[in-house]
Amino acid sequence: MPGREVLPSTLRRSPEKAQRTWEKTHDSAVETYGEGERAHRTAFAAVKHEFEKVGDHWEPKGRKGPSDQQAAGGGPARRAPTAGGVDANAPKEHLMEIARRLDVRGRSSMTKPELVKAIQKANNRQTAKARGD
């Protein structure tokens, strides 16, 4: 199935470049692996190299590169926790700014890992709200 037809709602609310990245990678992955979860994971990995999830959509990152430990190592044989689109490799100051924009309570006293988890939860809430869940 073409990437445009299965484009996740968070990407539909994101910049055109993020959509194109997901679609092209998805379609290529479908040719290689077939339709399914692996093609979707591959497409999201490509998006996460240039974009980060903020609330219910994706925004360009300040730098290109892996967003978390899983993206840095990659591959099905090596599993590491994923940050769900949060740029866990970003400086703490950046995470504080994202947390402020998402109105994360208690952010000023959080450690960097706590900020990542709190942003992830806020993103999930906003995505569910946008989907009407």
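User: Where does Asp103 lie?

Analyst: Asp103 is located in the loop between α5 and α6. Helices (H or I, at least four residues) and strands (E, at least two) are DSSP runs, numbered from the N terminus.

User: What is the phi of Asp103, and is the residue buried or exposed?

Analyst: Asp103 has a positive phi of about 55°, although it is not a glycine. With a relative accessible area of 45%, Asp103 is partly exposed. Buried means under 20%, exposed over 50%, and partly exposed in between (1.4 Å probe, protein chains only).

User: Before going on, what kind of model is this?

Analyst: The model is predicted: local features need pLDDT of at least 70 and side-chain atom pairs 80 or more, while totals for chains, interfaces and linings use all residues. Residues are numbered from 1 along each chain as its sequence is written, and side-chain values use heavy atoms, leaving out hydrogens and water.

User: How many helices and strands are there, and in what order do the elements run?

Analyst: The protein has six helices and two strands. From the N terminus on, the order of the elements is α-α-α-β-β-α-α-α.

User: What share of the residues is buried?

Analyst: Of the 133 residues in the protein, 38% are buried.

User: And how many of the contacts reach far along the sequence?

Analyst: Among contacts between residues at least 6 apart in sequence, 42% join residues at least 24 apart. Contact means heavy atoms within 4.5 Å.

User: Let us turn to the strands. How do β1 and β2 run, and how many bridges join them?

Analyst: Strand β1 (residues 51–54) and strand β2 (residues 57–60) run antiparallel, joined by four bridges. Strands pair if DSSP finds at least two bridges between them. Glu52 has Glu59 in β2 as its bridge partner, and Phe51 stands opposite Pro60 in β2.

User: What lies between the two strands?

Analyst: β1 and β2 form a hairpin with two residues between them. Gly55, in the turn, has a positive phi of about 70°.

User: Are the faces of β1 buried or exposed?

Analyst: Both faces of β1 are covered. Phe51 and Lys53 are buried on one side, and Glu52 and Val54 are buried on the other.

User: Which residues does Asn123 touch?

Analyst: Not counting residues up to four places away in sequence, Asn123 touches Lys53, Val54, Gly55, Val86 and Leu102. Asn123 is found in helix α6 (residues 112–131). Asn123 is buried, with a relative accessible area of 1%.

User: Which residues have the most contacts inside the largest nonpolar core?

Analyst: They are Val86, Leu95, Leu102, Val104 and Ile119, in a core of 14 residues. Two elements, α5 (92–101) and α6, give two or more residues to this core. The most comes from α6, with five residues. A nonpolar core is a set of buried Ala, Val, Leu, Ile, Met, Phe, Trp, Tyr and Cys residues joined through side-chain atoms within 4.5 Å.

User: What is Ile119 in contact with?

Analyst: Leaving aside neighbours within four places in sequence, Ile119 is in contact with Val86, Leu95, Ile98, Ala99 and Leu102. Apart from the largest core lies another core, of eight residues, among them Leu7, Leu11, Ala18 and Trp58.

User: How far apart are Gln19 and Trp58?

Analyst: Gln19 and Trp58 are 39 residues apart in sequence and 9.5 Å apart in space, C-alpha to C-alpha. Gln19 has its place in helix α2 (residues 16–33) and counts as buried at 7% relative accessibility. With its neighbours within four places in sequence left aside, Gln19 is in contact with Arg4, Leu7, Leu11, Arg12 and Ser14.

User: How many aromatic pairs does the structure hold?

Analyst: The structure holds two aromatic pairs. One of them joins Trp22 and Phe44, edge-to-face, at 6.0 Å centre to centre with 70° between the planes. Rings of Phe, Tyr and Trp (its six-membered ring) pair if their centres lie within 6.5 Å; planes under 30 degrees apart count as stacked, over 60 as edge-to-face and the rest as tilted.

User: Which parts does the pair of Trp22 and Phe44 tie together?

Analyst: Trp22 lies in helix α2 and Phe44 in helix α3 (residues 37–50), so this pair ties together parts 22 residues apart in sequence. Trp22 counts as buried at 0% relative accessibility, whereas Phe44 is partly exposed, with a relative accessible area of 23%.

User: Which residues form the aromatic cluster?

Analyst: Trp22, Phe44 and Trp58 form one aromatic cluster.
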